[in-house]
Amino acid sequence: MAVLNSPKTSYNPETLLKKLAAEYPDVILKPGKVFLWSPKQHVVSYIPDQLTSDKGSWSLLHEVSHAILGHRDYRNDFELLQLEVAAWEEALAVGERLSIKIDQNFIEDCLDTYRDWLHQRSTCPTCGSSGLQHDPKTYRCHNCLTIWHVSQSRFCRPYRKKLHTSVTKEKSPDQNDQTIFN
Ligand SMILES: [Zn+2]
Ligand SMILES: [Zn+2]
């Protein structure tokens with residue numbers, strides 16, 4: 001028996017790109033190797049091959065939402081998490097306009113990645129307490145007063161470096177000085 005009125009979750013990629021371009025003419029969409037929003041270049045990049053999948057089209061809506069909301073920068077890790085939450089809320093609204101239903105579990109999985117990352121970065125490497133972020137690269141433990149540095153790149157290994165130790169700073173391949181949103 002055919003299921004009627006089931007929410008449409010897949011789109012023809014070309015239709016999706018056309019509809020987005022028509023609804024949001026200010027947002028520039030460019031094929032690329034990752035899904036991201038670059039405020040500096042004012043471009044949303046997407047992986048063309050993945051647009052045939054639900055997750056790919058949801059990721060595109062998410063990046064477009066960062067662009068719609070004009071996300072440019074964040075002062076600390078928690079603020080980044082808040083911007084991610086806001087972008088998913090906007091993506092749900094954009095999806096509704098285009099009749100795309102985004103799976104809430106997918107959203108929670110994505111946000112969990114940020115929550116885990118935030119938790120690992122903010123945990124004191126000495127005593128395990130939760131630290132406070134002092135600036136984009138520095139956390140401080142109120143319990144044992146350890147200060148540690150975190151990399152600015154978001155999804156490289158959550159690596160922490162205590163101050164005054166001579167660890168060579170590693171760079172992840174995707175690390176650069178530009179603020180981007182995934
Ligand atoms: Zn501590
Ligand atoms: Zn994002």
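Which residue stands opposite Lys 30 in E3? The views below, taken from a predicted model, include the position in question, Ser 45.

**View 1. Order of the strands in the open sheet.** The three strands (DSSP runs of E, at least two residues, numbered from the N terminus) follow the order E1-E3-E2 with mixed pairing. Strand E1 (28-31) and strand E2 (36-38) stand at the edges with a single partner strand each, so one side of each is left without a neighbour in the sheet. From one strand to the next, the twist averages 25°.

**View 2. Pairing of E1 with E3.** E1 pairs with strand E3 (residues 43-46) in the parallel sense, over four bridges; two strands count as paired if DSSP finds at least two bridges between them. Lys 30 faces Ser 45 in E3, and Pro 31 has Tyr 46 as its bridge partner in E3.

**View 3. The hairpin of E2 and E3.** E2 and E3 pair in the antiparallel sense over three bridges, with Trp 37 opposite Val 44 in E3. Four residues lie between the two strands of this hairpin. In the turn, His 42 has a positive phi of about 55°.

**View 4. Helix H2 across the sheet.** Helix H2 (residues 54-68) lies across E2 and E3 and runs at about 170° to E3. Helices are DSSP runs of H or I of at least four residues; axes are lines fitted to C-alpha atoms, for helices over the stretch in contact (C-beta atoms, placed from the backbone, within 7 Å), and angles run from 0 to 180 degrees between N-to-C directions.

Residues are numbered from 1 along each chain as its sequence is written. Local features need pLDDT of at least 70, and side-chain atom pairs count only at pLDDT 80 or more.

Key:
Chains lettered and ligands numbered in written order. Contact = placed C-beta atoms within 7 Å.
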